[in-house]
Structures are given as structure tokens and as C-alpha cells.
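Work through the exercises below with the sequence and the coordinates open. Each task is followed by a solution in steps.

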Amino acid sequence: MTDDHAAGGPGPALAAPVLAGRRVLLLDRARIYVCGITPYDVTHLGHAATFVWVDALGRVLRLLGVEPEVCRNVTDVDDVLDEAASRARARYDSFAAIQQYHFEHDLAALNVRPVRHEPRAHRYVTHVIRLARGLMTAGTAYERNGSIYFRGQAAAIQAGLGRAEALRLSAEYGGRLDDASKDDPLDAAVWQAAEAGHPAWESPWGLGRPGWHAECVAMAMSAFGVGVDVHAGGNDLRFPHHAYHSAMAEAFTGVRPYARAWVHVGTVTVDGVKMAKSAGNLVLVSDLLNRYPAAAVRLVILDRRWAEDWDYTDASLEAAAARLADLYGAAGRAAPAGEAAAGEIRRLLATDLDVPAALEVAIGEGGAAARLLIAALGLD
Ligand SMILES: [Zn+2]
């Protein structure tokens, strides 16, 4: 590892961050796809954690001399969104646009940089139709009663899940196990035949709408081609969403693996319960930003390993604010040039974004090393 990131020797250093325990060699840019929001509700800390981590990843890559090209989609064609829009007596697309505005406002307040691509699902209907046709040609999808289903059993096996667990998770994430048109309850709609209360578009199989996993496949492929360097999202998207995404993309392109690395950001809980509107335990980003500086909210997310699940408390945010004050204090201290400390911070950040260890070095060393970390993590 040390030879990769050391400044020594002529010419550019190798950019080889470790992500999810695997070294990812990069040249001059990184294609990063992150599953974005379904814009039907306010931004809570659980959503924000994923996007702040992806933003931090992009900043660390830039520190290594690699340009991050982030695609963060907006899932504005979605069954839950349709229900929320209908309760608000709004069209799905105008309702989504308003929620998206609030979301982007919250992310900007958290110092999350604008992304390169921000596709909205409703613009990719023709792509999904083409994807469906390709999957049928590849023999991994079939038509029943105006819907196109992707055969899901292989995705479950690939994910290392037993059938019972795969079925349980599919049911939890909108998998419609009771749809009698499917050959197997694990099959997932690439294209869903039209139903009342949902938008519908023309297709070779009649009116219908794209399926959730297929929307992300279409948007990722449209932005980046056959694959990505990093695919990120909340840990709860691991199955079925990400498993089906990669299975569909690989079936369509024949290129494996679809993603070189997966960043599954840990779940945020409150009193041990996953944050969700239905649980009534949402911690809203806008509320936190009224009480604390944005950098402290960023740091409560980042001062841990990205994969770990964690429990939010006001005390954890107080602790992050105190740690931030320590870091700012260290940055203002006169300290030697600290080349070695700066190199160590770069190495720690390139090693699966080890922020807690990098913070220890920065606070201990002070001066330029602390300022480097503040800039690298967007805490300024
Ligand atoms: Zn997705």
C-alpha cells in the first residue's frame, strides 16, 4: 500500500483506493452511480447519510487525482410516490418536482456538491422498453398479460440468499409475491402492465410503466455505458434492488461484473429502529440544520466507517460538534509542515474512507494536516 500513495518518485502517484476491502485501480475518472431519492417525502438523516458519504468519496478521489463523475437518479416513477401524489391531489411529476427541490436544498445545505448526472426516471421509459426487449432476447425475461418479468432466482443465488430470505426481502421491498402472472414469485417486473392510479406509457405490450430495478439499470447504462466503477446506496438496497440491477445489466450487456465496487452505506436507526415515516421516528435534515452547523451534521455521518449501522441520538450530534471544534482548533494551531501527516491522512482516506483514523491524525498533528482533512471532507 505505502508505495501506491507515497509522494516519492517522479510522475503521478497511482490512484488505487480500497473500497469495500477491494483495491480499485483508477486512471483519471471514476463512474459512480448512487441510487437517489424517491421524491415523495422530506429528507431524513438516513437518506442524507448515503449522499454525504458519496460526496465524501468524490472529494477523496479528487484528492487522489481522479475526477468523480457521479450519477444520482431521481425515482419519480414509483408506486409509493403515486400514492403520496394522489393523497396530495397532485400529478405524480409535479409532486415529485417539488419534493426534489426540497431534497436538493437540504443536500446543498449539507455542502454536498452538485452531481454530473441527475436523470429522472420518467425520461427513461423508452430505455426501459429497449432493456426489456434485450432481456427477452437474452432469454432472462418473458411476457405475461402485458407485463415483462425478469427471472430472479439467479439474482438471489448470486446474492448468497436462501429462497425464504430472498422471498421475505422481495416482499418487504415491493416485490408483489402474489402476482399470479409470474412464473416464480422471485421474478421482478421490468415492465408493469397499466393499473388504475399509476401513470402509463405506450409499449409493444400495451400501456404500462417501468419497474423499479429496470429504471435504475436504464439510467446507469445511459450515463455510463456497460458498467460503473462504484455503485452506492443504502444498505437496505442490497437485495433485491442492487442484486436485480446488476443481474439485469449483466444479462443485457454480457459484461461482468457490472460494478467494480459496491458501497452499501449503513442504516441509521433511532432507539434501534430503522428511520421510516411509518415508524414515526424521522430525524429531518432541515430540523438538524436549524440547531447545528452543517459541518457538524456532516461529521456525525462521516466520523465512523461507512458500512456500519448506527443509532442517532442528540448526544451523538453534540459529540460530533465537539470533535469539529477540536479539528478547527487544530487547524488554527501553528504546526510544522506535516508532509508525513498529510500523506498518512491521504492513505487513511484512500483505505475505505477511514475518517475516524484520519481525524485522529489531523487533530493530533494540527496545522496544514488538519486543514487538509477539513477540505477533503467538505467540513469548511
Ligand atoms: Zn437504484
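The model is predicted.

**Exercise 1. Find the bridge partner of Arg144 in β6, then describe the pairing and the turn of the hairpin**.

Solution.
- Step 1. Arg144 has Ser147 as its bridge partner in β6.
- Step 2. Strand β5 covers residues 141-144 and strand β6 covers residues 147-150; they pair in the antiparallel sense, over four bridges.
- Step 3. Two residues lie between the strands of this hairpin, and Asn145 takes a positive phi near 50°.

**Exercise 2. Identify the residues that coordinate the zinc ion and state how they are spaced in sequence**.

Solution.
- Step 1. The zinc ion is coordinated by the SG atoms of Cys35 and Cys216 and by NE2 of His241, at 2.0 to 2.2 Å.
- Step 2. The spacing of these donor residues along the sequence is C-x180-C-x24-H.
- Step 3. The pair Cys35 and Cys216 links distant parts of the chain: Cys35 belongs to strand β3 (residues 29-37) and Cys216 to helix α8 (residues 212-224), 181 residues apart.
- Step 4. To classify the two cysteines, apply the cut-off for buried, under 20% relative accessible area. Cys35 counts as buried because its relative accessibility is 5%. Cys216 has a relative accessible area of 1%, so Cys216 is buried.
- Step 5. A disulfide is a covalent bond between the sulfur atoms of two cysteines. How many disulfides does a search of the whole structure find? The search finds zero.

**Exercise 3. Describe how β3 and β4 pair, and how far β4 is covered**.

Solution.
- Step 1. β3 and β4 pair in the parallel sense, with seven bridges.
- Step 2. Within this region, Arg31 stands opposite Glu69 in β4.
- Step 3. Strand β4 runs over residues 67-74 and is mostly covered, as seven of its eight residues are buried.

**Exercise 4. Give the strand order of the open sheet that contains β11, and name its edge strands**.

Solution.
- Step 1. The sheet has three strands in the order β12-β11-β13, and the pairing is mixed.
- Step 2. β12 and β13 (310-311) are the edge strands, each pairing on one side only.
- Step 3. Strand β11 (residues 268-270) pairs with β12 in the antiparallel sense over two bridges. Thr269 has Lys274 as its bridge partner in β12.

**Exercise 5. Locate Asn281 and list its surroundings**.

Solution.
- Step 1. Asn281 sits in the loop between β12 (273-274) and α10 (285-291).
- Step 2. Is Asn281 buried or exposed? Its relative accessibility is 12%, so Asn281 counts as buried.
- Step 3. A polar atom of the Asn281 side chain lies 3.1 Å from the backbone oxygen of Val273.
- Step 4. Leaving aside residues up to four places away in sequence, Asn281 touches Val270, Val273, Lys274, Met275 and Ala276.

**Exercise 6. Check the span of helix α13 against the expected value**.

Solution.
- Step 1. Helix α13 (residues 339-350) has 12 residues.
- Step 2. The expected span is 1.5 Å times one less than the number of residues, so helix α13 should span 16 Å.
- Step 3. The end C-alpha atoms of α13 are 17 Å apart, which agrees.
- Step 4. The buried residues of α13 are Ala341, Ala342, Ile345, Leu348, Leu349 and Ala350.
- Step 5. Following α13 comes Asp352, with a positive phi near 55°.

Notes. Residues numbered from 1 in each chain as written. Predicted model: local features only at pLDDT ≥ 70, side-chain atom pairs only at ≥ 80, totals over all residues. Heavy atoms only, no water. Donors = N, O, S within 2.8 Å, 3.2 Å for Na, K, Ca; no water. Buried < 20%, exposed > 50% of the residue type's maximum accessible area, 1.4 Å probe, protein only. Disulfide = S-S within 2.5 Å. Polar contact = N/O pair within 3.5 Å; in protein donor to acceptor, adjacent residues only side chain to side chain. Contact = heavy atoms within 4.5 Å. Pairing = 2+ DSSP bridges.
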